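Morning, everyone. Please pull up the structure, and we'll walk through it together.

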Amino acid sequence: MKNIHPTYGPVVFRDASAGFTFLTRSTLAADTDSGPGRPTATIEWTDGNTYPVVDVEISSASHPFWTGSARVVDTAGRVEKFRQRYAKHGNSNTNDSKDGS
């Protein structure tokens, strides 16, 4: 019987923007031809062992849904930029009235 399962081992995921790290098990611990391969960077964990580390851009410590801090989108500024960009083309359909007059 052929063993088709990748190696499953401990890996540290690090969110540098939030200063948050966590140790879990992942198939990223394996050296495989089909996947991204084992991370080259390592980190010494609090237990004294060294583990491969994967840097992520967003984790539960930095994601707006989990932190409750959503970005404020400047929609009024975007609309004004749009109008300025297309005003030079002579388009007069930038009325704010609902009846079109």
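Let's start with one term. A residue is called exposed when its relative accessible area is over 50%, and buried when that value is under 20%. Anything in between is partly exposed. Keep those cut-offs in mind. Also keep in mind that this is a predicted model.

Now look at arginine 78. It has a relative accessible area of 57%, so it counts as exposed. Where does arginine 78 lie? Find helix H2, which covers residues 75-87. Arginine 78 is in that helix. It also has company. Arg78, Lys81, Arg85 and Lys88 form a positive patch on the surface.

Let's step back to the whole chain. How many helices and strands does the chain have? There are 2 helices and 4 strands. Read from the N terminus, the order is β-β-β-β-α-α. So much for the layout.

Next, the surface. The chain has 101 residues, and 17% of them are buried. The exposed area is about 8400 Å². Carbon and sulfur atoms supply 51% of that area.

What about contacts along the sequence? Take the contacts between residues at least 6 apart. Of these, 34% join residues at least 24 apart.

On to charges that pair up. How many salt bridges does the count come to? The count is 1. The partners are arginine 14 and aspartate 55, whose side chains meet at 2.6 Å, N to O. This pair links distant parts of the chain. Arginine 14 sits in strand E1, residues 9-15, while aspartate 55 sits in strand E4, residues 50-56. That puts the two partners 41 residues apart. Is arginine 14 buried, exposed or partly exposed? Its relative accessibility is 26%, so arginine 14 counts as partly exposed.

Last stop: aspartate 15. Aspartate 15 is also in strand E1. This residue is buried, yet it has no salt bridge. Which side chain of opposite charge is nearest to aspartate 15? That is arginine 14, 8.8 Å away. And what does aspartate 15 touch, if we leave aside neighbours within four places in sequence? Its contacts are Phe20, Val56, Glu57, Ile58, Ser59 and Ser62.

To recap, we saw a positive surface patch that includes Arg78, a salt bridge between arginine 14 and aspartate 55, and a buried aspartate 15 without one. Thanks, everyone.

Terms used. Residues are numbered from 1 along each chain as its sequence is written. This is a predicted model: local features need pLDDT of at least 70, side-chain atom pairs count only at pLDDT 80 or more; totals for chains, interfaces and linings use all residues. Side-chain values use heavy atoms; hydrogens and water are left out. Patches are made of residues with over 30% relative accessible area and no salt bridge: like charges are joined within 9 Å, nonpolar side chains (Val, Leu, Ile, Met, Phe, Trp, Tyr) within 5 Å. Accessible areas come from the Shrake-Rupley method with a 1.4 Å probe; for residues, only the protein chains shown count as cover. A salt bridge is a side-chain nitrogen of Lys or Arg within 4 Å of a carboxyl oxygen of Asp or Glu. Lys and Arg count as positive and Asp and Glu as negative; His and the chain ends are not counted. The place of a charge is taken as NZ of Lys, CZ of Arg, CG of Asp or CD of Glu. Buried means under 20% relative accessible area, exposed over 50%, partly exposed in between (1.4 Å probe, protein chains only). Contact means heavy atoms within 4.5 Å.
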